[in-house]
Amino acid sequence: MKKSIIALVSILSFNSLNAQEYNLGGNKFRDNWSIGLNGGIVTPLTHSTFFKNSRAVVGLDINKEVSPVYGLTLESNWTINTQSRMAAQKSGTAFDGFNVMLLNRLNLNNIFAGYNGQRRLFEVEAVGGFGWLRLNDFYENGDGANHLASKAGVNFNFNVGEKRAWTIAVKPAILWDMSMWDADREKSHPNFNANYANWEITAGVVYHFKNSNNKHYMTKVRAYDAAEVNALNASINSLRQEVDNEKTNTQNAVNLLRKEEQKSADLERALQECRNQGPKVITNNKKTLESVVTFRQGKIVIDASQQPNVERIATYLKNHKEAKVNILGYASPEGSAEVNERIANQRAEAVKNMLVNKYRIDVRRITAKGQGVGYMFEEPDWNRVSICTIVED
């Protein structure tokens with residue numbers, strides 16, 4: 001026992017020296033916990049046929065990985081009573097044995113090959129520890145007995161899945177009943193005796209809970225010295241300053257965009273007011289009346305919203321028989337000169353045709369002519385118009 005303790009301390013010391021080369025992410029107390037379910041058989045180690053005297057065993061274990069090399073397991077197994085009907089009646093329970101063990105686990109792969117920051121696909125663990133063993137059919141009268149027990153074995157672990165969250169384990173081990181009784185059953189002393197030992201061969205599945213590093217295992221994190229930390233802090237501060245500058249620039253751009261949007265809205269509103277405005281009376285040596293009919297881009301058809309302006313001209317002409325109207329059509333600067341000339345002329349003709357066809361105004365009282373591109377207004381869109389001017393001496 002003393003030699004075993006010395007060997008365990010030596011291995012843990014080696015692991016501690018090895019761990020100083022790097023830091024482990026996800027190695028807090030609440031990290032690296034797992035739970036497992038086991039099932040298999042247990043059979044006497046000596047003086048017995050292996051399968052004939054075997055019994056089924058089921059169990060549950062809770063695990064904690066202290067480091068990539070060392071871990072602890074709290075294990076509880078129940079042995080199913082498969083003895084004769086008489087033996088089962090004596091024990092009075094479906095389980096003729098029960099044990100709770102605190103086991104130490106040593107990851108042999110990580111001890112001899114080092115830890116690479118992630119579980120390997122296949123790993124081997126050495127397992128050993130002590131615990132409490134309850135035998136329900138220890139006495140012939142069916143009374144149970146509590147014994148000191150010890151266990152040693154090997155875990156063959158297959159870590160599956162991309163995230164290594166699951167482990168399938170095959171666990172052969174030897175379980176000793178260490179309470180050696182004298183013939184009178186009044187005295188006992190701990191001892192490892194093969195005649196009071198069982199083979200225990202189980203297999204199980206283990207789920208590893210997620211750690212604080214968002215992984216299901218410890219990760220290697222390189223340790224930085226003070227100079228590197230200061231350099232990283234300087235880079236972080238510089239990046240933060242750049243982010244603040246970008247935020248300021250973005251806010252300025254947003255403010256400028258809002259101003260442009262407001263300007264655009266004002267222009268759109270002014271254009272709409274221009275389209276909807278009524279006739280204007282201009283007083284000079286002659287009595288004149290002017291009305292503006294606006295068109296959409298590339299269009300020569302009078303919108304319904306602009307027809308009232310044409311009707312006002314028609315009404316005035318009907319009420320003033322000596323009045324005449326001069327219609328000048330214009331286009332905005334887009335497009336070629338030839339196209340603009342044609343569109344300007346067609347817009348003047350459109351107003352003329354509506355006065356003649358719809359309102360029955362004598363064509364001899366109407367003059368219509370295109371003027372090409374108009375420059376009456378600063379906004380190019382506003383120059384897509386026909387300006388109707390009534391002149392009455």
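**Close-up views of a predicted model**

**View 1. Helix α6 and its buried residues.** In α6, the buried residues are Asn340, Ile343, Ala344, Arg347, Ala348, Ala350, Val351, Lys352, Met354 and Leu355. The structure shown here and in the views that follow is a predicted model. Helix α6 has 21 residues, which at 1.5 Å a residue should span 30 Å; the C-alpha atoms at its ends are 30 Å apart, so the expected and computed spans agree.

**View 2. The largest nonpolar core.** This core holds 23 residues, and those touching the most other members are Ile302, Val310, Val325, Ile327, Val351, Leu355 and Ile390. Two or more residues come from each of the helices α5 (307-319) and α6 (337-357) and from each of the strands β14 (287-294), β15 (324-331), β16 (366-373) and β17 (385-392). A second core, separate from this one, has six residues, including Met101, Leu103, Leu133 and Leu175. In soluble globular proteins, nonpolar side chains tend to be buried together.

**View 3. The surroundings of valine 310.** Leaving aside residues up to four places away in sequence, valine 310 touches Val293, Ile302, Val351, Met354, Leu355 and Tyr359. Of these partners, Val351, Met354 and Leu355 are among the buried residues of α6.

**View 4. Asparagine 104 in strand β5.** Asparagine 104 belongs to strand β5, which covers residues 95-107. Its relative accessibility is 25%, and asparagine 104 therefore counts as partly exposed. The side chain of asparagine 104 forms a polar contact of 2.5 Å with the side chain of tyrosine 70. Apart from residues up to four places away in sequence, asparagine 104 touches Tyr70, Gly71, Leu72, Ala126, Val127, Gly128 and Gly129. One of these, valine 127, is 23 residues from asparagine 104 in sequence, yet the two C-alpha atoms are 5.7 Å apart in space.

**View 5. The hairpin of strands β7 and β8.** Strand β7 (residues 145-160) runs antiparallel to strand β8 (residues 166-177), and 10 bridges join the two. Across this pairing, asparagine 157 stands opposite alanine 169 in β8. Five residues lie between the strands of the hairpin, in which glycine 161 adopts a positive phi near 90 degrees.

**View 6. The pairing of strands β8 and β11.** Strand β8 also pairs with strand β11 (residues 197-208), in the antiparallel sense and over 11 bridges. Here proline 172 is found opposite isoleucine 201 in β11.

Terms used. Residues are numbered from 1 along each chain as its sequence is written. This is a predicted model: local features need pLDDT of at least 70, side-chain atom pairs count only at pLDDT 80 or more; totals for chains, interfaces and linings use all residues. Side-chain values use heavy atoms; hydrogens and water are left out. A nonpolar core is a set of buried Ala, Val, Leu, Ile, Met, Phe, Trp, Tyr and Cys residues joined through side-chain atoms within 4.5 Å. Buried means under 20% relative accessible area, exposed over 50%, partly exposed in between (1.4 Å probe, protein chains only). Helices (H or I, at least four residues) and strands (E, at least two) are DSSP runs, numbered from the N terminus. Contact means heavy atoms within 4.5 Å. A polar contact is a pair of N or O atoms within 3.5 Å; within protein, one must be able to donate a hydrogen and the other to accept it, and residues adjacent in sequence count only if both atoms are side-chain atoms. The expected span of a helix is 1.5 Å times one less than its number of residues. Two strands pair if DSSP finds at least two bridges between them.
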